[in-house]
Amino acid sequence: MEVPENNLNTSFFSRYAYAFKAIVIVIMVMVLLIPASMITDVIRERQDRQTSAVEEVSSRWGYEQHITGPILAIPYTVAGSANATYVYLLPEQLKINGELLPQKLKRGIFSVAVYDAKMQLSGTFSPAALYKSGVPPSALKWDQASIIMGITDLRGIDNQVKMVWNGKTFPFSPGVVNTDLFKSGIQSPVSLASGDTAALAGSFTLELGVKGSGRISFSPVGKTTTVHTSSSWPDPSFDGAFPPKDRRVDPKGFSASWEIQDLNREYPQSWAGNKYDIHSADFGIKFFMPAESYQQSIRAVKYAILVIGLTFIIFYFIELSQRRAIHPLQYALVGLALCIFYTLLISISEQLNFTLAYLIASGLTIGLITLYVASAYKNGRIAAGIGATLLLLYGFIYVIISAEDQALLMGSIGLFLTLAAIMYFSRTIKWDKLSEKSTVQ
């Protein structure tokens, strides 16, 4: 007896209904990655807005400040050249004691870390170091000597800077003698008597107040450079070429000290021209903002395929074990709830810290899906099981994105254990008998 073709088709689709459902689920996971990628674009757009806010505040208050000097610059004329070349003499001893008074300025919903640095600089110069520059003292134009200091953003200077050297006061004016060492700074003429190297041996002191934002750094120009800073900012990040020799960080603020020798850097105490990069050994302090959560949000979105895929697998196994069909629209609604988690995370983290935002966003998402499953299945045990599984999943994702150094290791182990669990539970499903009582819609 010949079987009608439409009956053959019906029998085929009925027999492999769960296989077709699995294909549909995979396609839905891929489709749901489209809004996930769009969320990444939203995060980058918010990052751009934050960058604009920081730029606007910094342009009014002061940008990052890099403090270099003081340095003695003495010109000399090179035969056959119309332009003067300078010999630069660095201090023998340089001590910097500073207090950084921090603030948080708001631009819309964004906060910008700024500071007002009050510093006292002192030290001495060594006449002996000048002879090692390779330029004979007789060729130097002592009467045109200047003390120069590199300061990145002159708008941040908030006091009249004067240096007391050998009992004399030398006021500074804006500008630099040339751009061999730095492009922006201040200078003060210190006319010296020809060959008066004894005057170099005296000590100097000066007070400098500068405003800046985000970061402050120093150049170790002394043969021995000692820097001590303190602040009420609770989240410093010490960066640059040298870590602090001593540091203290607690919720009330921090203090840090550096002691750097000339042997630790790549330039000497004196030289002529622009032979060396004086900023190659800079070190400093970054005013870290814990509320900067966009990077963590981007890392969370990268695990969207894991969250959506595992959640759909859980629903699929429930469908197989309970022999209760779940409509593709229900899968889509659950998937959209998982995607909305990321928009909640971004928007809440802009108002609160990332950890609390993650807790709230994941709690709302897990609660919504759990209640939806309880209503759809009329089974509190299944809903509780899904809620507990999602809780473990979101907790695992949070641990991964928080552990930057061990993220790859933890993620790989987690994926392996997840796959092992899926394989373990799938072994109890009698795949060859699924079509006998298939109720897939």
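Reader: Over how many bridges do strands β1 and β5 pair?
Author: Strand β1 spans residues 65-77 and runs antiparallel to β5. Strands here are DSSP runs of E with at least two residues, helices are runs of H or I with at least four, and both are numbered from the N terminus. Two strands pair if DSSP finds at least two bridges between them. For β1 and β5 the number of bridges is five.

Reader: What kind of model is this, and how are residues numbered?
Author: Local features need pLDDT of at least 70, side-chain atom pairs count only at pLDDT 80 or more, totals for chains, interfaces and linings use all residues, and the model is predicted. Side-chain values use heavy atoms, without hydrogens and water, and along each chain, as its sequence is written, residues are numbered from 1.

Reader: How many helices and strands does the protein have, and what share of its residues is buried?
Author: The protein has nine helices and 17 strands. Buried means under 20% relative accessible area, exposed over 50%, and partly exposed in between, with a 1.4 Å probe and protein chains only. Of the 441 residues, the buried share is 44%.

Reader: Which residue does P70 share a cis peptide bond with?
Author: P70 lies in strand β1. Omega of the cis bond is about 10°. The partner is G69.

Reader: Which residue of β5 is the bridge partner of T68, and what does that residue bridge to in β9?
Author: T68 has G150 of β5 as its bridge partner. Strand β9 (residues 185-189) is joined to β5 by five bridges, and the two run antiparallel. In β9, G150 bridges to G185.

Reader: How many residues of β5 are buried?
Author: Strand β5 covers residues 146-151. S146, I148 and G150 are buried on one side, and I147, M149 and I151 are buried on the other. The strand is largely enclosed by the rest of the structure, because the buried count is six of the six.

Reader: Which strands stand at the edges of the open eight-stranded sheet?
Author: The order is β7-β6-β10-β4-β3-β12-β15-β14, with mixed pairing. An edge strand has a single partner, so one side of it is left without a neighbour in the sheet. The edge strands are β7 (168-171) and β14 (246-250).

Reader: Which residues of β6 point to the buried face?
Author: Strand β6 (residues 162-165) joins β7 by four antiparallel bridges. Side chains along β6 alternate. K162 and V164 point to one face and are not buried. The buried ones, on the other face, are M163 and W165.

Reader: What stands opposite V164 in β10?
Author: On the β7 side, M163 bridges to F170 and K162 to P171. With strand β10 (residues 203-213), β6 pairs antiparallel over three bridges. There, opposite V164, stands T205.

Reader: What is the phi of N166?
Author: N166 sits in the loop between β6 and β7, a hairpin with two residues between the strands. At 39% relative accessibility, N166 counts as partly exposed. N166 is not a glycine, yet its phi is positive, at about 55°.

Reader: Are α4 and α6 roughly parallel or roughly antiparallel?
Author: Helix α4 (residues 294-301) packs on α6 at about 170°, with the axes 10 Å apart. Axes are lines fitted to C-alpha atoms, for helices over the stretch in contact, and angles run from 0 to 180 degrees between N-to-C directions. Under 35 degrees counts as roughly parallel, over 145 as roughly antiparallel, 65 to 115 as roughly perpendicular, and the rest as oblique. That makes the two helices roughly antiparallel.

Reader: Which residues of α6 make the contact with α4?
Author: Contact means heavy atoms within 4.5 Å. From α4 come Y294, S297, A300 and V301. From α6 come Y342, L345, I346 and S349.

Reader: How far does helix α6 reach?
Author: Helix α6 has 22 residues, 328-349. The expected span is 1.5 Å times one less than the number of residues, which gives 32 Å for α6. From first C-alpha to last, α6 is close to that and reaches 32 Å.

Reader: Which residues does Y276 contact, beyond neighbours within four places in sequence?
Author: Y276 lies in the loop between β16 (270-272) and β17 (283-287). At 31% relative accessibility, Y276 counts as partly exposed. Its C-alpha is 7.9 Å from that of E266, ten residues away in sequence. The contacts are E266, Y267, P268 and W271.
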